[in-house]
Every structure is written in C-alpha cells, then in structure tokens.
Amino acid sequence: MRILILGGDGYLGWATAMYLSRRGHEIHTVDNYLRRRMHEENGTDSLTPILESLPARARAWKEVTGLEIGVTEGDLTDWELVQRVFEEFQPEAIVHYGEMPSAPYSMIDRDHAVFTQTNNVVNTLNVLFAMAEITPEAHLVKLGTMGEYGTPNIDIEEGFIEIHHNGRSDVLPFPKMPGSFYHLSKVHDSHNIHFACRIWGLRATDLNQGVVYGIETEETKLDERLVTRFDYDELFGTALNRFCVQAVIGHPLTAYGKGGQTRGYLNIVDTLQCVELALLNPPAEGEYRVFNQFTEQFSINELAELVRQAALHHGLKVEPVHVENPRVEAEEHYYNAKHTKLLDLGLKPHLLSETLIESMFATIERYKDRVIVDRIAPRTSWRGVLRSRVRR
Ligand code: NAD
Ligand code: USQ
C-alpha cells in the first residue's frame, strides 16, 4: 500500500514509518520539525539522541534494511505543499500524526493556545481537502485522543452513543468534555473529519488513542541510529515515560494532585499494531468510524506504585510525591471506556508488566547523562492566565 505518514519525524511517526516500511508498504513522510523546534524553545531535548534530520534517519534506515522511506520537509499548514505531496505520491492511505501533541504546551498562554489550534485544525483541513480533490478513495487514519471525551460520569462508548430523547432516538457522536486547548483541537478535527466523510464520501478512522508509553520497537532495536525520540520533560513527557526516567535518576515520582486521574494507556508497539489493523481493514466509502485505542486503564497512583515496585526490584529506591496539580482536572472520578473494536480486528495487547518497566529502565540508564533535571517539575499552570489577571 502507498502510505503517507504525516508527522514522520515524531515519537510515533518515525516508529510507524519503519514498521510499515518493513512490512512491504511504500512509505512517504512529511514533517516540519515542529517538535524539535518546540524543544529548542523550552531548553529541552529527547532523552534518546535522534539523528539530525528526517533524510538522515531515512538514509540510516536504507543502510540497515535496504528499504526506502521517502521524505518531504515541510509544513502541513502550507496548502501548496500538501497538494504537491498528494499529487506526486498519490497515497492510498494517510496516517496523520502531524500535530502539536502537548496539553501543557497549549496552555502556556494565548499565543500557544492559538498556535496549537491553528496548526492542528488547519493541517487536518488541508489533508481533507487534498483527499477530496486528489485521492478521494484514500483512507485517512487520524490520530485523535481519548482526552476528547474527558472524564464523564458514565461509560465512554467508541465514538457514538444511542440517545433516547422525548420519545425519539438517534445514534450521535459521544459528548466531548476535553481538558486542554490541545485536546479541544482534536475535537475540532473529529468534527471536521466526520463532516468531510458525510459531504464528500471520504473514508476515515479516528483513533482515539490513550497515553502511549515505551521506547523500543522491533525496528528501533535494529541499530542505535534508528531510535525514536523519547521525552520526559513537563511539557512533552507523558505520565509513565516520565515516571520511568524519574525512577532511574532518583527523582520523586510526580503524581499531580490526589493522583486518582485515570486514563487509558498503551505500549508504543501496540500503537503500531493498531494503526496497521486500521489500514488493513478500511472503512466503507463515506464512513467515519472511531476506535478507542488503548489496552489498559490506570490511575496515576496505580502507575506510580507499579513503577515504585519495578524500581525496587531493579535496585532503585524511589517514592511518589503528590505535587500541586498544575492542571484543572478531576482527581477522583469514574472512568470506564469501551475499547473492543481494535480487539475485534485482532489486536494482541502487550500489557504493562514489571519486566517491561525494567526494560525501559535499562534503556533509560544508557542515556541518563542526557537528562535535564530542572525541566522535570511541572511549571505550566492551567490557571496561569488567571493568575496574571489577578496580579494586574
Ligand atoms: P510528536 O510531536 O513526536 O509527533 C508529531 C510530529 O508532527 C512532530 O514530528 C512534528 O514536528 C510534526 N508536525 C506537527 N505540526 C506539523 C506541521 N504543521 N507540519 C508538518 N509536521 C508537523 O508527537 P507523538 O507523541 O508522536 O504524537 C503523534 C500524534 O499522536 C499526535 O497527533 C498526538 O496528538 C497523537 N497522540 C499521541 C499520544 C502519545 O501519548 N504520544 C497519545 C494519543 C494521541
Ligand atoms: N500526570 C501526573 N504526573 C506527571 C504527568 C502527568 O500526575 O508527571 C497526570 C496528568 O495530570 C493527567 C495524566 O497524568 O491527569 C495524563 O497526563 P499526560 O501528560 O501523561 O497525558 P496528556 O496530557 O493527557 O497527553 C498525552 C499526550 C497527548 C495524548 C494524550 C492521550 O501528550 O498527545 O493525546 O496523552 S489522553 O490522555 O488519553 O488524552
């Protein structure tokens, strides 16, 4: 299959490009290095040393495997660039990771909120128009987020819910209550994608993914130059990845608030499997479908305890601390999200275990001299804008 991977320089995009290339697909990637530039802006960096550019990574891939990964360095908000890539590559499927993915980054201030929503919504609109005009048969596999739903006090369905109201009923999109301007950008995308499927007959799979953890995939292990990025700082690191780095360097595990925040989680190798399953089982013309993409749910306190135990076993002593929560979110809540559609397609989950956490410790230990310790503690407050108003 000819697969266009948008955001191919990122944590998940690079791992996906290699995985699908090795399975015989023709791969082309697009990235504008936004993620690298945001790290420069914040004085942070990937724990793993990634090569200097996407072409350099593609060259290393070719040397190791003999396989090609095509590269376009460019911005997806640039309509002419998107149009050119679609015309030249004629994708049969598009895996769209190419967005600004951090909730805290989107909450820094007005500029960062506006940038996040503009970047993400415009990228996706450009992709939808390119599909409609150039490759209307192609399948869009779009990375959304479980955070679109928030934490409602009812079970979360996979995208749609049957509602009975005043004697009538319908199946409608599940209500959304996201927790950051970033998560909101994904809701806006979902509405735009659903609309494009309805009006133009496009086909799309919206993968509402949970929090991803893990450093290694079969492909990253082939050669050190093929590592994917791995972040642990307050803006770009996600919960379990951060806790593993914290355990290795002896930093208290930063549980925000009461630590009862519960989310869906999955191993990076299962992200690859899920995307492949979606690609191999495309929706019908005009169909917009939603899969909840995670394998297990944990509260922050449960994750911290798992990491504490694995650390102890590994000869490391670390304890959780309950730091003031920089976010505005429910710290104790009901959470039960359905996630059967990918299992029905054949997903074989790699569940979180002490062995897996210890193997993450082992990889992190190799790079621990690269950790920038003063970028670990949370600094970005959801209430930051309000505080500056009070100061005035
Ligand atoms: P990432 O930042 O590492 O990857 C995104 C890539 O897209 C980056 O390399 C970035 O430079 C590129 N990009 C962003 N805007 C662009 C633009 N305008 N033009 C060209 N390239 C652009 O993030 P990730 O963790 O790999 O996440 C990939 C996707 O999956 C994101 O859409 C994210 O919202 C979603 N997601 C991630 C997780 C997770 O835990 N990592 C969980 C759920 C959903
Ligand atoms: N948290 C802590 N301590 C930390 C870091 C996070 O307690 O050191 C808590 C947060 O307060 C939150 C939960 O852990 O309650 C998850 O936070 P996170 O930073 O791991 O993940 P999140 O901000 O939700 O974003 C990440 C990705 C994003 C993706 C999302 C999936 O960065 O791209 O969309 O996970 S989901 O959470 O399902 O929406």
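# Exercises on two sheets and two ligands

In this predicted model, 28 residues surround ligand 1, and the closest are Asp-31, Arg-35, Asn-119, Tyr-182 and Lys-186; a residue counts as near a molecule or strand if one of its heavy atoms lies within 4 Å of it. Local features need pLDDT of at least 70 and side-chain atom pairs pLDDT 80 or more, while totals for chains, interfaces and linings use all residues. Residues are numbered from 1 along each chain as its sequence is written, chains are lettered from A and ligands numbered from 1 in the order in which they are written, and side-chain values use heavy atoms, without hydrogens and water.

## Exercise 1: ligand 1

Task: describe the polar contacts of ligand 1, its cover and its shell.

Step 1. A polar contact is a pair of N or O atoms within 3.5 Å; within protein, one must be able to donate a hydrogen and the other to accept it, and residues adjacent in sequence count only if both atoms are side-chain atoms. A polar side-chain atom of Asp-31 is 2.6 Å from an oxygen atom of ligand 1. For Lys-186, a polar side-chain atom lies 2.7 Å from an oxygen atom of the ligand. Tyr-11 contributes a polar backbone atom, 2.8 Å from an oxygen atom of ligand 1.

Step 2. On its own, ligand 1 has 820 Å² of accessible area, of which the protein covers 96%. Accessible areas come from the Shrake-Rupley method with a 1.4 Å probe; for residues, only the protein chains shown count as cover.

Step 3. The elements giving two or more residues to the shell are helix 1 (11–22), helix 2 (34–42), helix 6 (110–134), strand 5 (139–145), helix 7 (181–200) and strand 9. Helices (H or I, at least four residues) and strands (E, at least two) are DSSP runs, numbered from the N terminus.

Step 4. The shell divides into eleven nonpolar, ten polar and seven charged residues. Here Ala, Val, Leu, Ile, Met, Phe, Trp, Tyr, Cys and Pro count as nonpolar, Asp, Glu, Lys and Arg as charged, and the others, Gly among them, as polar.

## Exercise 2: ligand 2

Task: describe the surroundings of ligand 2 in the same order.

Step 1. Of the 23 residues around ligand 2, Thr-145, Tyr-182, Ala-239, Thr-254 and Glu-329 come nearest.

Step 2. An oxygen atom of ligand 2 is 2.7 Å from a polar backbone atom of Pro-101. A polar backbone atom of Gly-147 lies 2.8 Å from an oxygen atom of the ligand, and an N or O atom in the side chain of Arg-327 is 2.8 Å from an oxygen atom of ligand 2.

Step 3. The protein covers 93% of the 730 Å² of accessible area that ligand 2 has on its own. Two or more shell residues come from each of helix 7, helix 8 (239–249) and strand 10 (253–256).

Step 4. The shell of ligand 2 holds ten nonpolar, nine polar and four charged residues.

## Exercise 3: the seven-stranded sheet

Task: give the strand order, the edges and a helix that packs on this sheet.

Step 1. Seven strands form an open, parallel sheet in the order 3-2-1-4-5-8-12; two strands pair if DSSP finds at least two bridges between them. Strand 3 (69–73) and strand 12 (288–293) are the edge strands, each pairing on one side only.

Step 2. Strand 5 and strand 8 (residues 203–209) run parallel and are joined by seven bridges. Leu-140 stands opposite Ala-204 in strand 8.

Step 3. Helix 7 packs on the sheet, touching strand 5, strand 8 and strand 12, and its direction makes about 155 degrees with that of strand 5. Contact means heavy atoms within 4.5 Å; axes are lines fitted to C-alpha atoms, for helices over the stretch in contact, and angles run from 0 to 180 degrees between N-to-C directions.
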